[in-house]
Amino acid sequence: MLIIDGDYPMAIGAMDLNRDLTLPLAEVRSAAPDRFAAKSRPDAETMASLPEMRRGGIAAALVKVVARHYRSGSPLWGYRGPEMTYAAARAQLAYYRMLEMRGEASILRTGADISDHLQLWSNSASRERLPVGFILGMEGADPILETSQVTQWWADGIRVISLSHYGLSTYCHGTGTGTSGGLFPPAKALLREMDSSGMILDVTHASDASVREALDLFGGPVLASHQNCRAIVPGERQFPDDQLRAVIRRGGVIGASMDTWMLYRPGLDWGGPIPPRRSVYSKEAVTLEDYCDHIDHVCQLAGNSRHAAIGGDTDGQGGSGGAPAEIDTVADYQRVAGVLEGRGYSSEAVENVMFRNWQRFFEAHLPRSSDTDPDNPSEGG
């Protein structure tokens, strides 16, 4: 079965962790140690590379540029200046574009691109040389230094933007702050520019207040690329039911994250230091049954299977050591289908979760065809 991964911050693994993700996964995992880089995430736990995605039937992914501007009290590292933040995101974008130039990937800019790419993967007898589809997103809007730059990012292929990552961003309170604050003043102009350009808003990682305020201001399409359910696992990183319902009402799709900190039922205080997970629980303590509980919860809230999907946060969630017990590589995402089938999900419902919900969403909300002028975003869908 085909899969669309709703969240893969691929460029972080390639550029910050210095992994050549064009190689077979075994070679990525066994690469000679980089003595110049201190890595908290070992290469041996890498879950994805382009060949491994092909092997696992992952036809496409929402891949991210991720660059944070560091602010006092931030729980994660970031760049000390806005210009550096912008430049780092541009470098990650250049990485994705070079993979496209080399034939490793296809950047999917329009709804027609999505349809054609999925048709190619469905009809190919061998996927060994197929390009992997990239839908380009920005995780945290710090690289947008002025709202007028939204049109530049759009012309360069970015189609999805979230306002914050961890901690405070230029535009709102994000998760990992332990606060209940909402949007900052620049957010209103940014959301207005995103709306007029056709950008999709990703509400993942925004604080509760930020999500509510953003949904009131933004009239365009909305998704949650990697977001789990607070009704099952407590903590500010998960969404309460009212916010899940709000995304569903807007026709959005909610991708379930593979991060076991978001699946471990006792939960985590996201406003404080995050301890090493193995000091709290074993890999075997969180399974795909726990993962599928979040998918099922979204389906129950929606009353159908058309809003739940996979949003792996692949390798951004800690690699195989931070994934459920049955997951060693992205090829194991196929196991989700079996768990859902075991719960009585129909073949149609399983396909919805594995890829069709993301496919339909992007077909509907990306510009309709390549006839749309990328330098004139107002023609976007």
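Me: How many bridges join strand β4 (residues 132–138) to β5, and what makes the two a pair?

Reply: Three bridges join β4 to β5, and the two strands run parallel. Pairing needs at least two bridges, so three is enough. One of these partnerships sets G137 against V160 in β5. Please keep in mind that this is a predicted model.

Me: What joins β5 to strand β6 (residues 200–202)?

Reply: Again there are three bridges, and β5 and β6 run parallel. Here I161 stands opposite L201 in β6.

Me: How do you know whether β5 is mostly covered or mostly open?

Reply: Five of the five residues in β5 are buried, so the strand is called mostly covered.

Me: Now to the rings. How many aromatic pairs are there?

Reply: The count comes to ten aromatic pairs.

Me: What makes Y166 and W270 one of those pairs, and is it stacked or edge-to-face?

Reply: Their ring centres lie 6.4 Å apart, within the 6.5 Å limit, so they pair. Their planes stand at 15 degrees, which is under 30, so the pair is stacked. The two rings link distant parts of the chain, 104 residues apart. Y166 sits in the loop between β5 (158–162) and α7 (186–197), while W270 sits in the loop between β8 (254–256) and α10 (288–302).

Me: Are those two rings buried or exposed, and how do you know?

Reply: The cut-off for buried is under 20% relative accessible area. Y166 has 16% relative accessibility, so it counts as buried. W270 has 4%, so it counts as buried too.

Me: Why is the pair of W261 and Y281 given its name?

Reply: The ring centres are 5.1 Å apart, within 6.5 Å, and the planes are at 90 degrees, which is over 60, so the pair is called edge-to-face. W261 and Y281 both lie in the loop between β8 and α10, so the pair ties together parts that are 20 residues apart in sequence. Both residues are buried.

Me: Which residues do ring pairs link into a cluster?

Reply: Y95, Y96 and F134 are linked in that way. F134 also appears among the residues of the largest nonpolar core that touch the most other members, along with M10, Y291, V336 and F362. That core has 118 residues, and its largest share, eight residues, comes from helix α12 (residues 347–365).

Me: What is Y291 in contact with, leaving aside its neighbours within four places in sequence?

Reply: The list holds A256, S257, M258, L263, A309, I310, G311 and V336.

Me: What makes R90 a charge over the ring of W153?

Reply: R90 lies over the face of W153, at 4.6 Å from the ring centre. The limit is 6 Å, so the distance fits. R159 lies over the face of W154 at 3.8 Å from the ring centre, so its distance fits as well.

Me: How do you know whether C229 and C299 form a disulfide?

Reply: The cysteine sulfur closest to that of C229 is in C299, 9.7 Å away, and a disulfide needs sulfur atoms within 2.5 Å, so this is too far for a bond. Seen from C299, the closest cysteine sulfur is the one in C229. The structure holds zero disulfides.

Me: And are these two cysteines buried or exposed?

Reply: C229 has a relative accessible area of 0%, under the 20% cut-off, so it is buried. C299, at 6%, is under that cut-off too, so it also counts as buried.

Definitions and conventions: Residues numbered from 1 in each chain as written. Predicted model: local features only at pLDDT ≥ 70, side-chain atom pairs only at ≥ 80, totals over all residues. Heavy atoms only, no water. Phe/Tyr/Trp six-rings, centres within 6.5 Å; stacked < 30°, edge-to-face > 60°. Helix = DSSP H or I, 4+ residues; strand = E, 2+ residues; numbered from the N terminus. Buried < 20%, exposed > 50% of the residue type's maximum accessible area, 1.4 Å probe, protein only. Lys NZ or Arg CZ within 6 Å of the ring centre and 35° of its normal. Core = buried A, V, L, I, M, F, W, Y, C linked by side-chain atoms within 4.5 Å. Contact = heavy atoms within 4.5 Å.
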